[in-house]
Amino acid sequence: MGTVLVINGPSGVGKSTVTHRLSIRLGNSVHISGDIVRSFTPENASAFLGHGSTYQAAGRLATTYLELGAKFVLFDYVFQNKRQTDLLVSTLPANADVNFFTLWAPWEAVRAREVKRGRNVLPEQVAAERYRQIENALPVLGTCIDNTSSLEQTVEDILSLVASAL
């Protein structure tokens, strides 16, 4: 079975950019974008599918790609607590190697990136609350990666940790 790399962090921290670059560097990999998963999920999905259905759906999609032969499945998404990580992991094969990385940067930098990006910008109060929730849960959200240096340095940091874990 292959390896699942979960790239977590607050909106605007660079999850999609880092995950895209990782998928290129790793080869034989599939990148599941949290933005895409959310785009085909109805706003009221939790009402009829239950809370956390997108985490479970992403896990099942990752499982399918692993079964098809992908060596690496990379998933970028926002996980605010351990319950959400557990929902994803519960849908993955028991023999899959799962690594969680949480990208981190100061609030001001994250907010500026998100606003500059210009799409799907959360209201500042909501974004700040989610940032605080993730910050409080950092000890249970995998390896924390400082994402204030260059894109290449962040990718190298993650690749080095993945190589030592394999």
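Trainee: What makes Asp 86 and Lys 82 a salt bridge?

Mentor: Keep in mind that this is a predicted model. The closest N-to-O approach of the two side chains is 2.8 Å, and the cut-off is within 4 Å for a Lys or Arg nitrogen and an Asp or Glu carboxyl oxygen, so the pair qualifies. In general, side chains of opposite charge can pair when their charged atoms come close.

Trainee: How do you know that Asp 86 and Lys 82 are separated by about one helical turn?

Mentor: They're four residues apart in helix α5 (residues 82–90), so that's about one turn.

Trainee: Why is Asp 86 called partly exposed?

Mentor: Its relative accessibility is 37%. Buried needs under 20% and exposed needs over 50%, so Asp 86 falls in between. Lys 82, at 41%, lands in that class too.

Trainee: What makes Arg 25 and Glu 152 a pair that ties together parts far apart in sequence?

Mentor: Their side chains meet in a salt bridge at 3.6 Å, N to O. Arg 25 sits in helix α1 (residues 15–26) and Glu 152 in helix α8 (residues 151–165), so the bridge joins parts 127 residues apart in sequence. Both ends count as partly exposed: Arg 25 at 40%, Glu 152 at 32%. They also belong to a salt-bridge network with Arg 21 and Glu 156.

Trainee: And Glu 114 with Arg 111, are they buried or exposed?

Mentor: Glu 114 and Arg 111 are both buried, which means under 20% relative accessible area. Their closest N and O atoms are 3.1 Å apart, so this pair also passes the 4 Å test.

Terms used: Residues are numbered from 1 along each chain as its sequence is written. This is a predicted model: local features need pLDDT of at least 70, side-chain atom pairs count only at pLDDT 80 or more; totals for chains, interfaces and linings use all residues. Side-chain values use heavy atoms; hydrogens and water are left out. Helices (H or I, at least four residues) and strands (E, at least two) are DSSP runs, numbered from the N terminus. Buried means under 20% relative accessible area, exposed over 50%, partly exposed in between (1.4 Å probe, protein chains only).
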